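Me: I'd like a close look at a single part of this model, the surroundings of its ligand, and then at how that part connects to the rest. Please take me through it step by step.

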Amino acid sequence: METSTPTLTSLETRATSGSGTRGSAEEIFRATRARELALSRLLMAYITTGLLFMLFPGTLLGVWNLLQISGRESAGLISPAWLQAHGHAQVFGWIGSFLLGIGFYSIPKLRGEATQAVRAAWVCWALWTAGVAVRWSSTVYLWHWRVLLALASILELAAFLIFFRVISQHRPQDSGKSKLEPWVWAVLTATLGFFAVVITNVAGSFYVALYGDSPAFPHRFDQRYLALMGWGFLAPFVWGFSAKWLRVFLGLKTLRSGVLIGALAVNCTGVVLAITGQVALATWIFVASAALAIAAIRIFERSEQPAKTKGVHASFPAFVRMAYGWLLVAALLGLGASIWDTSGGIWGASRHALTVGFISVMVLSIGQRILPAFAGMRLLWSTKLMFAGLLLLNVGCTLRVSSEVLAYQGYAAWAWSVLPGSALLELAALTTFAVNILGTFVLEPSHVSNQPVVVGIPELLAQGTRR
Ligand code: HEM
């Protein structure tokens, strides 16, 4: 159990301050523990913020939008600003907060002597949270939206630049490796994609603040921005994390490094084509990059070792594989959309196969596997809730993606009546996930004090699987 509250200044000790004096073993232990608790607290702040953005501004607004669309049997009659406010809260508010928090937590430099870096991480959190909250409320309530939209985008950019500065100070030698591993290339590419998304958001926000008659980005701009977001940022991040962790968690065969680098190169080409307006060609390329990433990670090949499912539900490997199935569905629907879409329904289905099917299913699977350990060596509150959330999300997403194509395209009128139910299932799934993570933070005891020295993330994860 936690017994004392570490302060930022207590992170620096004689053992680590560079004063040249070595502290006693007990001092080093105390400093390590204080650092670990402070980092866990930082991570929990990012994760809790992400969950709140996901639940209320993100998912509730998404459900509301879909209920409106189903009621009117048309997506065209709904405020584009509200649709975009939902997308922004999910991608920046939820996924962005999670990635920033996990990014800060994982940088070995923060585990060393850099008290300042921890402080910077808190400033980043405050700016990011304020930026996303101001963006959402100004888009939805339209109160001084021209000024606030532009301001929000600057706050988000400032937060991202702080993050970028801290991570760019991290060198390969910090991790003891002389050369960048392929998974690092994927995460770096995704980080640059994230940067490009944040910059594009600033450009779009200033444009509509100056010339627009609503806070919504113009349709053509938004479509390209969404391609950058989905394929330039979100997908390569998950490929990077998968390349790093899935071999350990699922016992997969060795990563095909060259194929992963190929997937990243092909994917970058697709992103460039999409943002320069060659969307139809880009969709073919995304099918190829998704297939290459799958071949590289070997997710559908027979595992070499048994999966590590202690502490999580035994179905965890199956859901991770399902997520990669959704990645393929998303890429193929994108291709189909470029040929047949007349209503936005196939594009919408492709987008949610990617964001809900691939990204969210991965976050619910891997998140519940790693976050309890990162948050002060806790155990996941409930493995049953984990299973329930993942099952509901997959069922909801299947109904949503299939009915969206059938309803929006006018292929089957009955599909309109399925959409509200699909939204409620997805809402139930994401709420279950949030409850399980918050239950873990609040109700599960921290075991940091029982660890003599916390050496790094692999050790944390190995220790976090005792149940
Ligand atoms: C309960 C779950 C969700 C519901 C009911 C929902 C609903 C919607 C609806 C109705 C739209 C408008 C376009 C369309 O009709 O397809 C939309 C767009 C979007 N959604 Fe969701 N969504 C959900 C979850 C998510 C999640 C988890 C993410 C991301 C992680 C996400 C990201 C987006 C994005 C980026 C857009 C495009 C916004 C734009 O046009 O700029 N959604 N969503």
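How many nonpolar, polar and charged residues does the shell around the ligand have?

Reply: Happy to! The shell has 12 nonpolar, 11 polar and 3 charged residues (nonpolar: Ala, Val, Leu, Ile, Met, Phe, Trp, Tyr, Cys and Pro; charged: Asp, Glu, Lys and Arg; polar: the others, Gly among them). This is a predicted model, where local features need pLDDT of at least 70 and side-chain atom pairs count only at pLDDT 80 or more, while totals for chains, interfaces and linings use all residues. Residues are numbered from 1 along each chain as its sequence is written.

The ligand has 26 residues around it (C-beta atom, placed from the backbone, within 6 Å). Gly 62, Gly 87, Gln 90, Gly 348 and Glu 426 come nearest. Five helices each supply at least two residues of this shell: H1 (25–72), H2 (80–106), H7 (219–250), H11 (345–374) and H13 (419–443). Helices here are DSSP runs (H or I, at least four residues; strands are E, at least two), numbered from the N terminus. The protein chain as a whole has 14 helices and 0 strands.

Let's follow two of those shell helices outward, starting with H7. The axes of H7 and H11 come within 11 Å and cross at roughly 35° (lines fitted to C-alpha atoms over the stretch in contact, with angles from 0 to 180 degrees between N-to-C directions). H7 brings Leu 226, Gly 230, Leu 234, Val 238, Phe 241, Trp 245 and Phe 249 to this contact, and H11 brings Arg 351, Leu 354, Phe 358, Ile 359, Met 362, Ile 366 and Arg 369 (C-beta atoms within 7 Å). The classes in this contact are 11 nonpolar, 1 polar and 2 charged residues.

H7 also packs with H6 (residues 182–211): their axes come within 8 Å and cross at roughly 155°. H6 and H7 are therefore roughly antiparallel (over 145 degrees; under 35 is roughly parallel, 65 to 115 roughly perpendicular, the rest oblique). The residues of the H6 contact with H7 divide into 17 nonpolar, 6 polar and 1 charged. On the H6 side they include Trp 183, Phe 194 and Gly 204, and on the H7 side Tyr 225, Trp 239 and Lys 244 are among them.

H11, in turn, meets H12 (residues 383–408), with axes within 9 Å of each other and a crossing of roughly 175°. That makes H11 roughly antiparallel to H12. Their contact has 14 nonpolar, 9 polar and 2 charged residues.

Back in H1 sits Met 54. Met 54 is buried because 25 other C-beta atoms lie within 10 Å (20 or more means buried, 12 or fewer exposed, and in between partly exposed). Beyond its neighbours within four places in sequence, Met 54 touches Thr 59, Gln 90, Gly 93, Trp 94, Leu 430 and Ala 434. Gln 90 is also one of the residues that come nearest the ligand. Met 54 and Leu 430 are 376 residues apart along the chain, yet their C-alpha atoms are separated by 8.0 Å. Across the whole chain, residues 24 or more positions apart account for 81% of the contacts with a separation of 6 or more, and 50% of the 467 residues are buried.

The loop between H1 and H2 holds Glu 73, a residue other than glycine with a positive phi, near 55°. Glu 73 has 14 C-beta neighbours inside 10 Å, so it counts as partly exposed.

Definitions and conventions
Contact = placed C-beta atoms within 7 Å.
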